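Hi,

Here is the structure I promised to pass on. Have a look at it first, and then read my notes underneath.

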Amino acid sequence: VVASGFVSVDDLAEQLEVSRMTIHRDLDELQQMGVLRKVRGGASINRSTQHESDLHFRATTAVAEKKRIAAAAVELLNDGEVVIVDDSTTAGGVIPHLAKRPPMTVITNFVPAVNQLVGYPNVNLIGLGGQYEPRYAAFLGKLCEDALADLYADVLFCSTSSVRGTVLYHQDQRVVAVKRAMVRAANVRVLMVDHTKIGQGALYRLGDVEEFTHVVVDDAVTPEQRAALEERGVTVIVA
């Protein structure tokens, strides 16, 4: 399902040489784990209103666009600043750009980012604690939110799974709570979203686009969509 985005019950039953009922029970369990979602005739890993895609799948989608967005976003960072990086694969794209920058402090709850940053001698790394959530490879919950309440950053690099008009959404209220705490903790707030997230729906409201100072998008975002964002007073950067 990660490879193709969808897999059918019949194909799984044939490949694994088990009954369709066994496949249905296994898909039920995987859905409860948040790995995928059951749909008619099989299972999908694509995002929906209630389901965010698996981390590894997200890391393989819109890769070129995310790289361009990260390269443009990191230009907003000045030497020696304190940076927050959220748990998204889009914001995580700025991490490789920090390797040769002057000394700085990076705050994050995203374990893949932590694993990269421990090898950067120029980075003072602050890891946010909380309850580890394997689906996002991130720490979430009250401990994470409380830690952010005691911190201040110059710049936030953040993404979300859904932008409808000028309102931001995400499928998981725990993720929403941590992202909101990050927004409150930062001066310059950079929202990084590729075109596949614009017009999509998700269950929980994160906030309004004007709570960010900058929005970095790819060049597949339409002029009308960019204009709607700019009308809210944010600086839109097209990568």
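A crossover counts as right-handed if, with the strands pointing away from the viewer, the path from the first strand over the helix to the second runs clockwise. By that rule, β5, α5 and β6 form a right-handed β-α-β unit. Bear in mind that this is a predicted model.

The two strands of that unit, β5 (residues 104-108) and β6 (residues 123-127), pair in the parallel sense through five bridges. One spot to click on is valine 106, which sits opposite leucine 125 in β6.

Zooming out, there is an open sheet of seven strands with parallel pairing, in the order β6-β5-β4-β9-β12-β14-β15. β6 and β15 (235-238) are at the edges with a single partner strand each, so one side of each has no neighbour in the sheet. From one strand to the next, the twist averages 20°. Helix α8 (residues 223-230) packs on the sheet, where it touches β14 (214-217) and β15, and its direction makes about 150° with that of β15.

Elsewhere in the sheet, β9 (residues 153-158) and β12 (residues 186-192) run parallel and are joined by five bridges. Alanine 153 has alanine 186 in β12 as its bridge partner.

Now the pocket, in case you want to dock something. The largest one has a volume of about 300 Å³. Its lining has 16 residues, with Ala59, Thr89, Gly92, Gly93 and Gln116 nearest the centre. α4 (63-73) and α5 (111-117) are the elements that each give two or more residues to this lining, and α4 gives the most, with four. By type, the lining residues are nine nonpolar, five polar and two charged.

Cheers

Definitions and conventions. Residues are numbered from 1 along each chain as its sequence is written. This is a predicted model: local features need pLDDT of at least 70, side-chain atom pairs count only at pLDDT 80 or more; totals for chains, interfaces and linings use all residues. Side-chain values use heavy atoms; hydrogens and water are left out. On a 1 Å grid over the protein atoms alone, a cavity is a set of points where a 1.4 Å probe fits but cannot get out, and a pocket is an open set with protein on both sides within 12 Å along at least five of seven lines; lining residues have an atom within 4 Å of a point. Grid points are joined across faces, edges and corners, and a volume is the space filled by probe spheres set on the points. Ala, Val, Leu, Ile, Met, Phe, Trp, Tyr, Cys and Pro count as nonpolar, Asp, Glu, Lys and Arg as charged, and the others, Gly among them, as polar. Two strands pair if DSSP finds at least two bridges between them. Axes are lines fitted to C-alpha atoms, for helices over the stretch in contact, and angles run from 0 to 180 degrees between N-to-C directions. Contact means heavy atoms within 4.5 Å.
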